[in-house]
Each structure stands twice: as structure tokens, then as C-alpha cells.
Amino acid sequence: MRTYHLETPGSVDGIVPRDTPDGPPTPGPRDILVRIHAVSLNKRDLLILDGSYPLKAAPDVIPVSDGAGEVVAVGEEVTRFGVGDRVTSTYFPRWLDGRITPALIDQPGATLPGMLAEYVRLDENAAVRVPDHLTWEEAACLPCAGVTAWNAVTGAEAVLPGETVLTLGTGALALFAVQFAKTLGAQVIATTSSEAKAARLKGLGADHVLNYVENPAWAASVRELTGGRGADLVVETGGPDTIEQSVRATALYGRIALIAANSPHKDRLEITTDALASSLVTLRRLFVGSRAHFERMNRAISLHGLRPVVDRVFAYDDVRDVHAAYRYYATGAAFGKVVIRVTSAL
């Protein structure tokens with residue numbers, strides 16, 4: 001069995017392969033053994049790599065939080081899954097429902113072994129079933145970006161039909177938010193940097209797309225498109241770089257789902273008093289979601305036949321391909337998810 005480990009943080013070259021002659025681990029009484037078919041990368045994987053992630057990674061950890069695969073063995077006390085079930089990992093294995101607490105913050109690929117392996121052993125409570133219509137590559141995109149976007153549009157105060165949702169950029173999370181908002185009956189305004197990406201956003205369902213390069217003060221355009229009202233919800237993925245415009249773009253009693261709070265350009269969120277003067281906006285910080293969020297999202301994905309947007313798929317067996325996946329993802333050029341297809345045999 002081949003696994004990858006973050007042996008030396010700081011560079012993708014510190015991710016190294018290892019072969020385990022004894023083969024896959026044996027599941028405990030309440031464990032499932034999953035043959036991984038695909039994993040996907042998230043921004044947190046880059047932050048863990050360079051040591052800037054808030055949660056300190058375990059030494060020599062197996063990287064990556066998001067993976068999908070087939071159950072090939074189960075412990076004698078397992079009741080949630082059987083051999084042959086298609087599953088994905090959950091981002092917070094111990095956060096099943098309700099509010100998160102400090103006792104529930106452990107994550108695969110950080111404090112726990114991750115998914116960049118041919119086989120992983122999971123507690124049965126740390127997995128959910130995959131929607132039947134999704135490929136392995138698509139299913140691997142769900143645990144972080146998908147659940148976070150779902151929590152943004154349905155958590156706390158859910159989006160209502162006829163409301164306006166503003167999304168920022170073409171990262172995977174923003175694309176999920178476009179799709180979910182449209183299924184809820186919302187108008188979607190999106191921002192991007194190019195006409196080519198604008199066309200693809202409209203293909204996903206965005207009603208209006210604003211070019212933030214040509215129009216850096218895009219909040220005014222959001223208000224124009226909404227008859228002066230502003231967006232009911234902003235899915236804020238730009239953090240310090242965009243928060244001022246997001247506040248200015250938000251309706252009087254609108255809300256902002258703050259996903260990103262860091263930036264390579266700024267070390268703090270700055271909102272002018274002028275932007276806040278005429279606003280009663282609610283800002284909600286969120287971080288992914290619980291297993292209950294995940295399962296509700298999967299029901300919606302199945303009902304509407306939604307598919308995650310996969311930008312590019314890399315190979316697993318050669319460490320150079322794994323490194324290339326990380327490097328490509330780090331460029332920020334992807335429209336959607338960057339996936340590594342895992343191949344293995346029993």
C-alpha cells in the first residue's frame with residue numbers, strides 16, 4: 001500500500017511516498033476500511049504545507065482532508081455502512097451536528113491521518129454516502145468546499161427564493177455557492193477577472209457577472225443590478241481583499257458569510273466607518289460544517305442532479321504528479337477543483 005506523508009513542511013518536495021509491505025490496515029470494531037479512488041485539494045492543504053494553518057499539523061502526517069472511495073471491509077460493530085458502499089470522508093470526524101466545540105476540531109490531513117493514501121481506516125461516524133450520480137473525482141470535491149458553501153447559503157438564516165446572493169471569484173467554494181443558491185431560487189451575482197470565466201459562471205447559473213479587474217468598485221454595480229437594494233447574502237471568500245466592497249454591496253439587513261479571514265496582502269480585516277454607517281449587516285464567520293450539514297447537502301445534490309466543477313485531474317502513483325497537482329493548485333488558475341485520481345488494487 002502506498003501512502004504520502006508530509007515529511008518536511010515548507011515545500012511540496014517535503015511530501016514523500018511510502019510503501020507499506022503489510023498492506024491496508026485492519027478495521028477496528030467500529031471502523032470501515034475505504035479504498036480511496038480520488039482526493040481533492042483545498043486552500044488549507046497549502047496552508048498546512050507552509051506552516052501557516054491555525055491548526056498545527058501532526059509530524060509526518062498523511063496530507064489532504066477530502067477523499068472518496070469504496071468500503072472494502074467493516075468492523076464487527078459497524079451499522080452505518082457495508083462492503084461496497086461509496087463514501088466520502090468528513091472534514092471534522094467528530095462534529096456530527098449542532099455547534100462545533102474545541103473538542104471537535106481534529107481534522108484529517110492536519111491532526112489526524114489524511115486521505116492521500118490508497119486505503120484509509122475511518123470511524124464509521126466520520127464518513128457519509130456519496131450521491132449515486134457522481135463520479136469518484138466529483139465526490140472527492142464535497143467534504144470541504146461543498147459543505148462550506150452549503151453552510152453559507154443554508155446555515156443560520158437560509159437563502160429564500162427571490163433573494164440575491166453575491167459570490168466572489170471562481171474558486172471551487174464560490175462555484176458551489178452559485179449552484180446551491182440557484183437551487184434555492186435566488187438571483188446570483190458573481191465576480192470574476194475574465195470574460196472566459198464570466199461565460200462559465202453564467203453556464204453554472206449566475207444571472208449577472210461583474211469583472212472586478214475592470215470594475216474594482218463593484219459594490220456600486222451590485223446595487224445597480226438590485227435596484228439599489230444590495231445583496232441579501234454575500235459569500236465572502238476574499239477576506240481582507242474584498243470585505244470593504246462586500247459590506248458596501250450588502251442590503252440593509254443583509255448578511256455576510258465570512259469564509260476567508262486571511263490574505264497574503266493584508267493581515268487584518270478593515271471596514272471603513274463610512275461603509276458601515278448605513279448598514280445593519282450581520283457578519284457570520286463559518287468554517288466548513290458538521291456531518292449533518294454534509295448529509296443535507298448530499299440530499300440536495302442528489303435531488304437536483306448537481307455536479308461539482310472539476311478543473312483538472314492528476315495521477316497518484318508518481319510523486320512528481322502529486323507535486324504537480326499542488327503546484328498547479330497554488331497558481332490559483334483553476335476554475336473549480338483540482339483532483340488527484342488514486343489507483344490501487346486489493
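Leaving out residues up to four places away in sequence, S221 is in contact with L210 and N215. In this predicted model, S221 belongs to helix α6, which covers residues 218–225. Its contact with N215 includes a polar one: the two side chains meet at 2.7 Å. The relative accessibility of S221 is 15%, and because buried means under 20%, S221 counts as buried.

From this helix the reader can turn to the nonpolar interior. In soluble globular proteins, nonpolar side chains tend to be buried together. The largest nonpolar core here has 91 residues. Within this core, the residues with the most contacts are L116, F180 and V235. V235 shows what such a position looks like in detail. Neighbours up to four places away in sequence aside, V235 touches A152, V153, V165, L166, T167, L168, L173, A177, A257 and I259. Apart from the largest core lies another one, made up of 14 residues. L168, A219, V234 and A249 are among the members of this other core.

Strand β11, residues 231–236, contains L233. L233 has a relative accessibility of 2% and therefore counts as buried. Beyond four places in sequence, the residues that L233 touches are A152, V153, V159, T164, V165, L166, R255 and A257. V342, by contrast, is far from L233 on both counts: 109 residues separate the pair in sequence, and their C-alpha atoms are 37 Å apart.

A110 gives a case of another kind. This residue sits in the loop between β5 (86–89) and β6 (119–123). Its relative accessible area is 0%, so A110 is buried although it is found in a loop. A110 and A57 are 53 residues apart in sequence, but C-alpha to C-alpha they are 4.2 Å apart in space. A57 is also one of the residues that A110 touches, together with R44, I48, L55, K56, A58 and V61, when those up to four places away in sequence are not counted.

A second loop residue to look at is T170, placed between β8 (164–168) and α4 (172–183). With a relative accessible area of 8%, T170 is buried. Its contacts, again without neighbours within four places in sequence, are L175, T192, K197, L201, A334, F335 and G336.

Charged side chains come next. The structure holds 20 salt bridges. One of them joins D45 to R44, with the closest N and O atoms 3.0 Å apart. D45 has a relative accessible area of 4% and is buried, and R44, at 5% relative accessibility, counts as buried too. R44 has already appeared above, as one of the residues in contact with A110.

The salt bridge between D232 and R229 has its closest N and O atoms at 2.3 Å. Here the two partners differ in exposure. D232 is buried, at a relative accessible area of 5%, whereas R229 is partly exposed, at 49%.

R291 and E295 form a further salt bridge, at 3.5 Å from N to O. Both residues lie in helix α9, which covers residues 291–304, and because they are 4 residues apart, about one helical turn separates them. R291 counts as buried at 14% relative accessibility, while E295 is partly exposed, with a relative accessible area of 25%. Salt bridges can also be joined to one another: E7, R18 and D60 are linked in a network of them.

The last stop is on the outside of the model. L252, Y253 and L280 form a nonpolar patch on the surface. Together the three residues have about 350 Å² of accessible area. L280 is found in the loop between α8 (273–277) and β13 (282–285). The relative accessible area of L280 is 46%, so this residue is partly exposed.

Terms used: Residues are numbered from 1 along each chain as its sequence is written. This is a predicted model: local features need pLDDT of at least 70, side-chain atom pairs count only at pLDDT 80 or more; totals for chains, interfaces and linings use all residues. Side-chain values use heavy atoms; hydrogens and water are left out. A nonpolar core is a set of buried Ala, Val, Leu, Ile, Met, Phe, Trp, Tyr and Cys residues joined through side-chain atoms within 4.5 Å. Buried means under 20% relative accessible area, exposed over 50%, partly exposed in between (1.4 Å probe, protein chains only). Contact means heavy atoms within 4.5 Å. Patches are made of residues with over 30% relative accessible area and no salt bridge: like charges are joined within 9 Å, nonpolar side chains (Val, Leu, Ile, Met, Phe, Trp, Tyr) within 5 Å. Accessible areas come from the Shrake-Rupley method with a 1.4 Å probe; for residues, only the protein chains shown count as cover. A salt bridge is a side-chain nitrogen of Lys or Arg within 4 Å of a carboxyl oxygen of Asp or Glu. Helices (H or I, at least four residues) and strands (E, at least two) are DSSP runs, numbered from the N terminus. A polar contact is a pair of N or O atoms within 3.5 Å; within protein, one must be able to donate a hydrogen and the other to accept it, and residues adjacent in sequence count only if both atoms are side-chain atoms.
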